[in-house]
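Work through the exercises below with the model in view. Try each task before you read its solution.

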Amino acid sequence: MKLELSKVVQGCRLGLLTAIEQTAQHSLDVPGCLLFTHCATVPHLTQDTLHTLSNLPAVTQVTLNCLAEHHEVLEEFKEGVRKFAGLHDTALYCSLHDSATTNPAGHITNKTVSVWGSGGRMELTVAKFMALQAAIKPDFYQSMADGETWQANTSRKRVRKAVDRTLAHLDECLILHQKTQELKQAKIFGVVEGGNILEERVRSARETAKRPVAGFVLDGFQSAAMKQDLRSQLITAVTAELPQEKPRLLQGVGRPDEVIACVEVGVDLFEGFFPFQVTERGCALCFDCTVTTDPETAGTSPSTVLESNEERPVVEEPKENGDSCPENMTRFEMNLNDKRYREDLRPLVEGCSCYCCKNHTRAYIHHLLVTNELLAGVLLMLHNTAHYLRFFRALREALANDRLQDFKRRVLQ
Amino acid sequence: MAAVESGTCEGPAGMSAVKRLSHAAPLALRILAECPVSKARACVLTLPHGPVNTPVFMPVGTQGTMKGITVEQLEELGCQICLGNTYHLGMRPGPELIEKASGLHGFMNWRRNLLTDSGGFQMVSLVELSEVTEEGVMFRSPYDGKEILLTPEQSITIQNSLGSDIMMQLDDVVSSTVTGPRVEEAMHRSVRWLDRCIAANKNPDRQNLFAIIQGGLNADLRKACLDEMTKRDVPGFAVGGLSGGEEKDDFWKMVTLSTDHLPRGKPRYLMGVGYAVDLVVCVALGCDMFDCVFPTRTARFGSALVPWGSLQIKQKQYAKDFQPIDPDCQCATCKRHSRAYLHALFKSDTAAMHHITIHNISYQVLTKLISRIFSCFSLYRCFYCSCCLYFLL
C-alpha cells in the first residue's frame, strides 16, 4: 500500500492511495471517502442500482458489527466476504464498528471488545477478532481497539486505559497477523485513541507509529462527542506524530463542514456513512459543492451544474407547517417529508446527474415517504451518495486549484 | 392508433343490439397461435404505451411504485404492463397532483403500460363499514375519517386523471363465498355501473375501459352477466369475483364458463390470479392477463419462488447454502448472489427484499412457464402437451 501525495497545502494532503490489494489495480483518491455498507451491500441498493452511480470509491467498507455473526458461514465459504457478497470489483476495508449506529457502552474489558449483530452482543478476544479477519479476507483492516471514550466526562484514567489496551491489542494482532495465511496480503492499520485528552492522544499516536502498520485509524472523534475546534486541535497534535507517507483514516466524522476542517489538519480518508444517515431521515443532500476556477467570477459565479437551490434547508424556517424536522438534520440537506414538496415537480437538485434526479421529482419522493414505500430509501440513497461523492471530488479539485477557501465558503453558506 | 382487430366483436351467437362506441378503442389484439387441445392462445396486445405479449402476468405497484424496484429495473425484467391502485393513489397523492405530473406514467416515470383497478375492491375489503348503494360505495376515509362516496363516475374520473392504458369499471364486488340474492343484485348492478362508466370515460381514444364479469359461483348468473356485458362494445373483459377463497373446482368452472362466452378477439383478464399452478391452468382455460400481489408481497418476507415451490430464505437451512435461488434463473439476483448471502443480508439491510422481489418478478413475468408457452408455439407443439410434460418433469 502506498500513499502518493501530489500536493500538501496548508496542512491539506492531496494524492492517491495505491496498491491497496495484491493485484494492485485499485487506487483511492485522497482526500476521499469509503463506500459504506451493511454486510457488503450499500444500504437499499442492489448492484444494478448501485452502478447507476459513477466514480464509486475504490474501497468498500464492511464492519464486524454486521459480519461477526456470520463467522461460521464465512469460514465454511473460505473465499472471503468479497466473493461471498458477489461484490463488484473493489478493495475491502474492515472496521470494528458501524459509525451510523451507536453501540451501548460499558462492555469492554481488558481482553475483549463487543460488537452488536442481529442476535445481540458478541464478545471478541483478539484471537476471535483475527479469526474473523481471516474469514473475511479484507485488503486492510483496523486492529482491535478500545474506542469507548466518546461519552461525555470520560475520566482521564479511563482514557489512559483505552490507549494502553489498544496498543496491547495492536501488538497481539500484529503477531497473529504474521501467522495467518489468509491475511498474508492484507494490511493492518493501527488505531489512535486518547479521547479528548491531548497528552493521551499524542502518546497513542507516538506509540502506534512505532509499530509496523500500513496506516492509521483515528478513533474516538465521533461527531456527537466533540466540537470541531477541539477535534481539529487534537488531530493536529496526532498527525504531527504520524509519518507523512502513511494514510490517516478518520472514523465517525462525515458532515461536510467537519470533513473540510479535518482535511485541513491532515486527515486523508473518511467513512461514507453520512449519506446513509441523511437518507434514513428522509432527507436529501443539497448543499452547494461547486468549485469555481476563475477567481474573477468567484462569489458571483453563473449557474453552474450545481447551483444551490433557492430553498434553503429548514434552519431558517423551523416548523413552518407544523412538520417537525427530523432529529439530527443538518443544514446541508432538505427534508422531503415536508409538505412543501408535495407538488414540487423539480428534481431534488437541479443539474445533478444521479438516477434519482434524472428520473424523478421531489413530489414523487415526498409521496413515497408519506406512503412508507421502500423505493424512497433506494432513490434517496442514490442521490445522497452521488452528491457526497461529488463533494469529495470538488474538494480535491479545489485543493488542486488552490480554491479551498472559496469552496469552503460555498459549502458552509 | 389503429385498432383494426379489436373492431371484430365476436360475441355469443344470436347476439343483436351491440352497443358500439363512436370511435375505435386504443387497443389491438393479434392472436399469434392457439392451442388445438386447450383454449390457450399466445397474442400480442398493443396498447398506447407499447406491445404486451400475452399470456402476461402483471405485477402490482399499488402506490405508484413497485416495492423497492426502480422503473429501470422493472423494464429490464421484461415487464410491459403493471398495475396501479386507484383507491390508494386517489387518497394519496390524489388525482389532481397526478394529472399535474402528466398522469401516473409521468408521476412514477413508467413509460410502458399501466392498468388501474376501479378502487371498488379495496373499499370493500380494506375499509370497515363501507356501504353499497345504487349510487356507489360509501365509506369512511382511513386518513381523515371523512365520509366518501365512490361512484362509477368518480372512479372513472380518477382513472382518467391517472391516464392508465387500461381502466377497470367500478363493479359491485361480493366475495365468492357469499350466496343468495346479494350475488344477483351485485351482478345486475355491475352491468348498470358498466354503462355509467362507459358514459363517464372522457378519454376513450387513449384509455381502454374493461368490463368485469360478475355472478359469483352461480353459472346462471355468470351466463346472464356475460350475455349482457358482451353486448357493450368494450375493448376487453375481466373475470371478477373469483380467487377469493372459493373451492378450486368451483373456481375453474367459472373461469372456463366465462372464457367460453367471451369474444375471441378481445383480451380476457382474470383478476387476482396468482400462483404459478393457477396461471398454467387458467392459460389453458383461455385467459390472457393476470395480476396478483403474491409474488412481490411474499418476496418481502424472504420467500423466493421457484418452479418446485418456494424457498424461505430466512430459514436457517439456507445459511450455508452457497448456490443461487435457482441455478437456471437468469435474473440479476441469481446471477450474482447465493442463498447464503441473501440469508445473511436479511439480518442487515432492506436490499435483501429487493433482491428477492427482482427474482420473483422475473419468475412470474418472464417465468419459464410463459416462455415455454411461446417456445412451444414456435415449434408448433401443443401447449397442453408441453404443460403436461412440465408437470411430469
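**Exercise 1. Place C352(A) and its annotated partners.**

Task: find where C352(A) lies and which annotation covers C352(A).

Solution. Start with the chain. C352(A) lies in the loop between β16 (333-335) and α11 (355-359) of chain A. Helices (H or I, at least four residues) and strands (E, at least two) are DSSP runs, numbered from the N terminus. Before going on, note the ground rules: this is a predicted model, where local features need pLDDT of at least 70, side-chain atom pairs count only at pLDDT 80 or more, and totals for chains, interfaces and linings use all residues. Residues are numbered from 1 along each chain as its sequence is written, chains are lettered from A and ligands numbered from 1 in the order in which they are written, and side-chain values use heavy atoms, without hydrogens and water.

Next, the record. An unreviewed UniProt entry marks C352(A), C354(A), C357(A) and H383(A) as "binding site". These residues span 32 residues in sequence, yet no two of their C-alpha atoms are more than 8.3 Å apart, so they gather at one spot. Such annotations may be inferred rather than shown by experiment; positions follow the numbering used here, and feature names are shortened.

Last, accessibility. C352(A) is buried (under 20% relative accessible area; exposed is over 50%, partly exposed in between; 1.4 Å probe, protein chains only). Its value is 6%.

**Exercise 2. Describe the surroundings of H383(A).**

Task: is H383(A) buried or exposed, and what is H383(A) in contact with?

Solution. H383(A) sits in helix α13 (residues 375-400) of chain A. H383(A) is buried, at a relative accessible area of 0%. Now look for contacts (heavy atoms within 4.5 Å). Leave aside neighbours within four places in sequence; the partners of H383(A) then include L348(A), V349(A), C352(A), C354(A) and C357(A). Finally, the side chain of H383(A) reaches the backbone oxygen of L285(A) at 2.8 Å.

**Exercise 3. Search for disulfides.**

Task: how many disulfides does a search of the whole structure find?

Solution. Apply the cut-off: a disulfide is a pair of cysteine sulfur atoms within 2.5 Å. The search finds zero over all chains. Check C39(A): the closest cysteine sulfur, in C66(A), is 5.6 Å from its own, too far for a bond. Then check C282(B): the nearest cysteine sulfur, that of C287(B), is 5.2 Å away. C39(A) is buried at 1% relative accessibility, and C282(B) is buried at 0%.

Note on methods: Polar contact = N/O pair within 3.5 Å; in protein donor to acceptor, adjacent residues only side chain to side chain.
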